[in-house]
Each structure stands twice: as C-alpha cells, then as structure tokens.
Number of protein chains: 2
Amino acid sequence: MDSGHQNVHRQSGVALWRQIADRIRMSIANGEYDATGKVPPEMLLAEQFGVNRHTVRSALQALAQEGIVRAVQGRGTLIERKERLNFPISRRTRFSQGIGEQAREKEGLLLDSARLSASAEIAGRLAIEIGAPVLRLETLRKADRRPVSRSTSWFPAERFAGLIEAYRDSGSITAAFQALGLQDYLRVSTEVTAIHADGADLADLQLSPGAILLVTKALNADSEGVPVQYAVSRFPADMVQFTIEN
Amino acid sequence: MDSGHQNVHRQSGVALWRQIADRIRMSIANGEYDATGKVPPEMLLAEQFGVNRHTVRSALQALAQEGIVRAVQGRGTLIERKERLNFPISRRTRFSQGIGEQAREKEGLLLDSARLSASAEIAGRLAIEIGAPVLRLETLRKADRRPVSRSTSWFPAERFAGLIEAYRDSGSITAAFQALGLQDYLRVSTEVTAIHADGADLADLQLSPGAILLVTKALNADSEGVPVQYAVSRFPADMVQFTIEN
DNA sequence: TATAGTTGTCTATGTCAATAGACATTTGGA
DNA sequence: TCCAAATGTCTATTGACATAGACAACTATA
C-alpha cells in the first residue's frame, strides 16, 4: 500500500470509474458508511483511489443509475439502498424460503417457457434419454421489487406436464411441484462459478454492463433420488452471497 | 440474438477486448474447442462478436499473456492450457484433498504470518474475546505449479502456538493441525461471493487485472464445535468451480 | 509448388476514459 | 447572514480503445 492508495488498475481493460464503482458498491454492502449514511466526499474518494475527482464522479453516476446512491448538491451523496441477500445452500434449499425475512415482497416471474428435446447435457443431468421431452422455464425472481436472480430450469416434461401453468399461477417452483403432486424434493448438488454479466441477463437483472454474476447449477431430486429439476441461476454478485452450512 | 452476434457491451466501462478475452477463456474451459485444439480464426471470432479483427487480436494477446493460448502465424491460435479445478464443499472440506487427482503437484506457500489481536469481526467468527491473540497466515496454494488460491487465515494463537512453523514445514493446514495434536476438524460454514481481482491478489495469482475472483469465507471447528480456523480465500473464477453435494 | 487460410504489422481516424483547472450552485451550521 | 463544504457544470488536453483497410509472412495441403 503506497501512501494509503487503494488498488485500482490502469490499462486493464476495465475502466477506473467502473472499478471504483464496484468498490464503493461493495463498501456500501459491507456497511462501511453506515455511521453517516453517506458516501465520503468526492474529493476524499479521489484521493483515496488516487484518481481525479471527475473519475470518481463517473463512478458515483453509475451507482446513482443503479439506484444505490443519490447525490444532493451541497449535502453529499446519500446511500439509497444497501442490501446483500444471503442464500443458504443445503439439502433443503428453496429460493423463496432462502430469502426468508430478508425481504418483504417476493415475486417469481415466468419470462418464457418451451417444450423441447433434451440435449446431451440436460439429459445427463436429469438422467433421462437424449431427445426425451423436457420443459424449459426462464424465470426472474425479485425481492422487494428488485431482481435478484435469473434462472433457466429444465424439467422432465412427461412427469410435470402442467408445470408451466402451475408456476405462472404461483410464482414458485415449490408450489408448482406441490400442485402436481410432488410434495417434497431435495437439493442433490450445487455448482458455483462466476462470470461477467452479459446479454439478456444485464437487462433482466437491471445491471450496468460489466457487473459480476454468481452462477449456480443446481440439481433437485425427489425423495427417491430421481432428478426433477436442473437449474442454472445467475445472481448479481454484489447483492447476494451464498452460505453453505454443514 | 440479432444476426447471431454474441453479446458484448460498449460503453460499459469494460473494454471489448477484455469481455471477449473472458468469453474465449470460458469457452476454452468448457471444452468448446476441444475438437481442433485451436481457437477459431480471428476473422470468424470478429464476426461472431460483431467487432473488428484488431479487437479480437487484443483479446487473444491478453490470453497469450496468461499462457492460455499461443498464436502461430499461418496455423492458428493454439490452446495451451485448459483447466477448471473442481472444489467440493462439504463438512469435510480440505483443500489438498479437494484437488485430489485433478493435479499432480500440490503446493502450499506461506507468504506472510503475524501474531496480532483479534478484531471485532475475527473475534466474532472464532468465538473468542476481542483483542485476544490470533495468528494470521497469508498463504498461496498451487496445483501443478499454477496458483489456484490465495488465502488469509486466522487461528486462536494460544491453542495453536507452533502453527506457523508447522504450516511452513508441511504446506498443509491439515498436517499442521495434526502436528499440534488436532487430529480432525470440520467445516462449519462457507460463504461464497465474487469480486474483481485487485492488488496483491492479482500478482500472487498471476492474473490480468479485471479478472474475477470467487471468494469463500470458511469457518472450521474441532469435533466439539470450537472454532479453530477462519479463512478468507480467493480463487480465479475461470479456473475453479465449487460443488456442494448434499 | 501454387494457393487458400491464417497470423503479423503498419497507417489512419474517431470515440471514450482520465486528467486538470476554474467557477457556479446548493446546503447546513457557526 | 456569512462561510465552509459539498456537488454541478464547463472547457481543454492526453492517452487508450476500437474501427478500417492494406499488405506481409507463414503454414498446410491440394
């Protein structure tokens, strides 16, 4: 650490204002500015990061765009929103339950659905024949009106014929399963990786491009161990964390 | 998807060459080019991503810098390295065991160590008094000579007095614990998040700036449930994935 | 041994990112 | 009411990013 500067990297292909925006967003999520409810003054941040004030302003404007801060002339830059949802991952992982008390309003939107033939990968995950019919659901989950995950799920089509309608009605996989007679299911495995957000996810999750997504690939099975759902979910990395309790 | 273009984002604060480098790196890791052992020609990539050939070249040069590809005039751009290590996270999670057969050589380096007083956070995690003495170890783990994680660990200092030497000798936390009489320990909880790499991590993990890190915060305890280690580890997101088996 | 296919190099141009400085405007408190 | 502190706006300059086109150099193979 030379002269107290925090680390930002030039010529890395990631603009300084974006690096700084990410750092400030993280600091807000970690509660570092809770004492004042404000981000430090632009001049101070510029000094801390070793950049020009205008560069800090670009970063703050990006955060304002996301609705995380609001700049008020004369007063400072106020923190509007500060949340990091925690998702426990366990044998009984369920999305809505996972959010629990962390949000008042929970919502599940069906963006798209299709009935198609299982690719080699999906067939392998669901332990069915390649080409067997599967249902694919594209869903968006929200907590307190803010999008927190974008999922693509596959289900064996024969077993869960009315699933699309059941999900649309309830906004919950668990409820949809129950409506189709599957009372209980268990998480078999969860893979976690991270990527840069792109494409439709950016728009759906209301992120600024370049944001980081946590990606989970999850397999759920019924109590006999027969796979019932394979899901790839993307979460904004600055809004969530996963907890694995053993 | 308009005209088959893959999604890259302009004016996002993340340079196009970096977005493309990340995508190609991921495609290599996913084995998409295994048939040829080569990345597609620059012209084709440029077309796919909807950018100029020079932009693709910048991306490939970054990957060459990382040792992932090697361009050969007249032949193409050959894939040099292609790996994604899988780390199972369970009650018995251990780093060296986790790598298992995925690498021949495993190595644990002690970068730095210190004896200091527990901050509020560390004291809370280890369930000790604030200000109580703790040992902090900065370690770097390698598999087949390539760095795969950078960890900062805290231990109760009184219980594990000779730990620093024991770790330096063995390069393994498990072995160091055993040398100090702790035969067994269990993973209590693991939190997973993701950030942009910065600072010392960049250098230690030999990444190009802007790369994504998966971050785990793990708590280990002895068989009585008394915390023995709290560790914050950073893994290059394009080289690893975590698997939670239930 | 041509030739198609591929990477390497060069020049040129426009846009975005970052710095620099000056000054206006608003707020809250002395 | 005045002043310090903070954000808002403007102009100007430099370097990195991205595009465009042309051509050189190398490789494999028909």
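Is Thr216(A) buried or exposed? Let's start there, and then walk around the rest of the structure together. Please keep in mind that this is a predicted model.

So, where do we find this threonine? Look along chain A for strand 9, which covers residues 212–221, and you will find Thr216(A) in it. Thr216(A) has a relative accessible area of 6%. Anything under 20% counts as buried, so Thr216(A) is buried. Leaving aside residues up to four places away in sequence, what does Thr216(A) touch? There are three residues with consecutive numbers, Thr190(A), Glu191(A) and Val192(A). Then come Ala231(A), Val232(A) and Ser233(A), and the list ends with two phenylalanines, Phe235(A) and Phe242(A).

Let's step back and look at chain A as a whole. Chain A has 8 helices and 11 strands. Of its 246 residues, 52% are buried. Now take the contacts in chain A whose partners are separated by 6 or more positions: 58% of them join residues 24 or more positions apart.

Next, the nonpolar core. Here is a rule to carry with you: in soluble globular proteins, nonpolar side chains tend to be buried together. In this model, the largest nonpolar core has 32 residues. Which of them touch the most other members? They are Leu214(A) and Leu214(B). Several elements give two or more residues to this core, and they come from both chains. In chain A they are strand 4 (85–89), strand 8 (186–196), strand 9 and strand 11 (240–245). In chain B they are strand 4, strand 8, strand 9 and strand 11. You have met strand 9 of chain A already, since Thr216(A) is in it.

Now to the helices. Two packed helices are described by the angle between their axes and the distance between the axes. Let's try that on chain A, with helix 1, residues 16–29, and helix 3. Their axes are 8 Å apart, and the packing angle is about 55°. That makes helix 1 of chain A and helix 3 of chain A oblique to each other, and their crossing is right-handed. Which residues of helix 1 of chain A take part? They are Leu16(A), Trp17(A), Ile20(A), Ala21(A), Ile24(A) and Arg25(A). Facing them from helix 3 of chain A are Thr55(A), Ser58(A), Ala59(A), Leu60(A), Ala62(A) and Leu63(A). Sorted by type, this contact has 9 nonpolar residues, 2 polar and 1 charged.

Over in chain B, you can look at helix 1 (residues 16–29) and helix 3 (residues 53–65). Here the axes come within 8 Å and cross at roughly 55°. Helix 1 of chain B and helix 3 of chain B are oblique to each other, with a right-handed crossing. The residues that meet there include Trp17(B) from helix 1 and Leu63(B) from helix 3. This contact divides into 9 nonpolar, 2 polar and 1 charged.

Back in chain A, there is another pair to see. Helix 2 (residues 42–49) and helix 3 (residues 53–65) have axes that come within 8 Å and cross at roughly 105°. How do helix 2 of chain A and helix 3 of chain A lie to each other? They are roughly perpendicular. Helix 2 of chain A brings Glu42(A), Met43(A), Leu45(A) and Ala46(A), while helix 3 of chain A brings Arg53(A), Val56(A), Arg57(A) and Leu60(A). This contact holds 5 nonpolar residues, no polar ones and 3 charged.

Have a look at Met43(A) in helix 2 of chain A. Met43(A) has a relative accessible area of 61%, so it is exposed. Its C-alpha atom is separated by 9.6 Å from that of Arg57(A), 14 residues apart along the chain.

Let me finish with two more exposed residues. Arg115(A) is in strand 5 (residues 106–117) of chain A, and at 56% relative accessibility it counts as exposed. Setting aside residues up to four places away in sequence, Arg115(A) touches Pro133(A), Val134(A), Leu135(A) and Ala157(A). Then there is Ala127(A), in the loop between helix 5 (120–126) and strand 6 (133–143) of chain A. Ala127(A) is not a glycine, yet its phi is positive, near 55°. With 59% relative accessibility, Ala127(A) counts as exposed.

How values were computed
Residues numbered from 1 in each chain as written. Chains lettered and ligands numbered in written order. Predicted model: local features only at pLDDT ≥ 70, side-chain atom pairs only at ≥ 80, totals over all residues. Heavy atoms only, no water. Helix = DSSP H or I, 4+ residues; strand = E, 2+ residues; numbered from the N terminus. Buried < 20%, exposed > 50% of the residue type's maximum accessible area, 1.4 Å probe, protein only. Contact = heavy atoms within 4.5 Å. Axes fitted to C-alpha atoms, helices over the stretch in contact; angles between N-to-C directions. Parallel < 35°, antiparallel > 145°, perpendicular 65-115°, else oblique. Left-handed = near helix turned anticlockwise from the far one by under 90°. Nonpolar A, V, L, I, M, F, W, Y, C, P; charged D, E, K, R; others polar. Core = buried A, V, L, I, M, F, W, Y, C linked by side-chain atoms within 4.5 Å.
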